Amino acid sequence: MTPNRVRQLRDAGVIVEKAPDLYELKASVARYIDYLRKRNTNLNEERAMLTRAKREAANMENDLRRGTLCSMKEIEDGLTTLCLNMRGRFSSLPAKLSGELAQMEGDQAGIFDRLKAAIDEALEELSRFNVAFVIRGGEAGDEEDG
């Protein structure tokens with residue numbers, strides 16, 4: 001051990017100086033061994049934490065592959081798609097219904113029933129997961145239900 005390292009250990013409080021540049025050998029060796037054990041324990045704890053983190057990452061990767069877990073990006077993309085689909089669906093209602101409603105000549109009950117049916121139909125379609133979350137890039141989910 002170099003004199004420089006001894007001074008570092010002294011400054012860190014690992015070993016205690018009896019007089020300038022004089023140290024009690026047995027006490028200094030014992031304190032240094034304790035210091036090394038603690039440092040080694042911290043290293044072992046760090047290794048254990050790293051191993052746990054690697055295991056958690058591997059478990060998450062497996063869950064992603066199985067489809068039991070999804071990334072925030074996928075959730076954000078799915079919700080964006082759902083909102084855009086809802087917006088498009090409801091925005092198209094006036095154009096779709098205006099002619100039909102105009103022919104009802106003020107029949108409030110009939111207009112109400114037709115609007116309610118159109119809104120319920122749009123909501124029902126959006127409630128089906130495979131229709132609400134159309135995959136981006138032109139692909140659509142299975143639409144066997146209607």
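This report walks through the helices of a predicted model, how they pack, and two loop residues with unusual backbone angles.

**Overall layout**

Let us start with the whole chain. The protein has 6 helices and 2 strands, and from the N terminus its elements follow the order α-β-β-α-α-α-α-α. Of its 146 residues, 12% count as buried. What share of the contacts between residues at least 6 apart in sequence joins residues at least 24 apart? For this protein the figure is 42%.

**Helix 4 and its two faces**

Helix 4, residues 93-102, is a good place to look at burial. Its buried residues are Leu93, Leu97 and Leu101. Viewed down the helix axis, these residues fall within an arc of 40 degrees, so they line one face of helix 4. A general point about helices helps here: an α-helix has 3.6 residues a turn, so residues three or four places apart point the same way. Ala95 and Ala102 sit on the other side of helix 4 and are exposed.

Against which elements do the buried residues of helix 4 pack? Their partners are helix 3 and helix 5, the latter spanning 108-127.

**Two helix pairs**

In general, two packed helices are described by the angle between their axes and the distance between the axes. Here are those values for two pairs that involve helix 5.

| Helix pair | Axes come within | Crossing angle | Handedness |
|---|---|---|---|
| Helix 3 and helix 5 | 10 Å | roughly 160 degrees | right-handed |
| Helix 4 and helix 5 | 11 Å | roughly 155 degrees | right-handed |

We can take the pair of helix 3 and helix 5 to begin with. Their axes cross at roughly 160 degrees, which makes helix 3 roughly antiparallel to helix 5. On the helix 3 side, the contact is made by Leu82, Asn85, Met86, Arg89 and Phe90. Helix 5 contributes Ile119, Glu121, Ala122, Leu123, Glu125 and Leu126 to this contact. Sorted by class, the contact of helix 3 with helix 5 has 7 nonpolar, 1 polar and 3 charged residues.

Leu82 deserves a closer look. This residue lies in helix 3, residues 72-91, and is buried, with a relative accessible area of 18%. The cut-off for buried is under 20%, so Leu82 qualifies at its 18%. The C-alpha atoms of Leu82 and Ser127 are 9.8 Å apart, while the two residues are 45 residues apart along the chain.

Now for helix 4 and helix 5. With axes crossing at roughly 155 degrees, these two helices are therefore roughly antiparallel to each other. Their contact brings together Leu93, Lys96, Leu97, Glu100 and Leu101 of helix 4 with Ile111, Arg114, Leu115, Ala118, Ile119 and Glu121 of helix 5. By class, the residues of the contact of helix 4 with helix 5 comprise 7 nonpolar, no polar and 4 charged. Ile119 and Glu121 of helix 5 are listed in the contact with helix 3 and in the contact with helix 4.

**Positive phi in two loops**

Finally, a look at the backbone. Asp21 has a phi near 60 degrees, a positive value in a residue other than glycine. Where is Asp21 found? The residue is in the loop between strand 1 (17-19) and strand 2 (22-23). Asp21 is exposed, with a relative accessible area of 57%.

Glu105 is not a glycine either, and its phi is positive at about 45 degrees. This residue belongs to the loop between helix 4 and helix 5. Is Glu105 buried or exposed? At 73% relative accessibility, Glu105 counts as exposed.

Key: Residues are numbered from 1 along each chain as its sequence is written. This is a predicted model: local features need pLDDT of at least 70, side-chain atom pairs count only at pLDDT 80 or more; totals for chains, interfaces and linings use all residues. Side-chain values use heavy atoms; hydrogens and water are left out. Helices (H or I, at least four residues) and strands (E, at least two) are DSSP runs, numbered from the N terminus. Buried means under 20% relative accessible area, exposed over 50%, partly exposed in between (1.4 Å probe, protein chains only). The arc is that of the directions from the helix axis to the C-beta atoms. Contact means heavy atoms within 4.5 Å. Axes are lines fitted to C-alpha atoms, for helices over the stretch in contact, and angles run from 0 to 180 degrees between N-to-C directions. Angles under 35 degrees count as roughly parallel, over 145 as roughly antiparallel, 65 to 115 as roughly perpendicular and the rest as oblique. A crossing is left-handed if the near helix is turned anticlockwise from the far one by less than a right angle, and right-handed if clockwise. Ala, Val, Leu, Ile, Met, Phe, Trp, Tyr, Cys and Pro count as nonpolar, Asp, Glu, Lys and Arg as charged, and the others, Gly among them, as polar.
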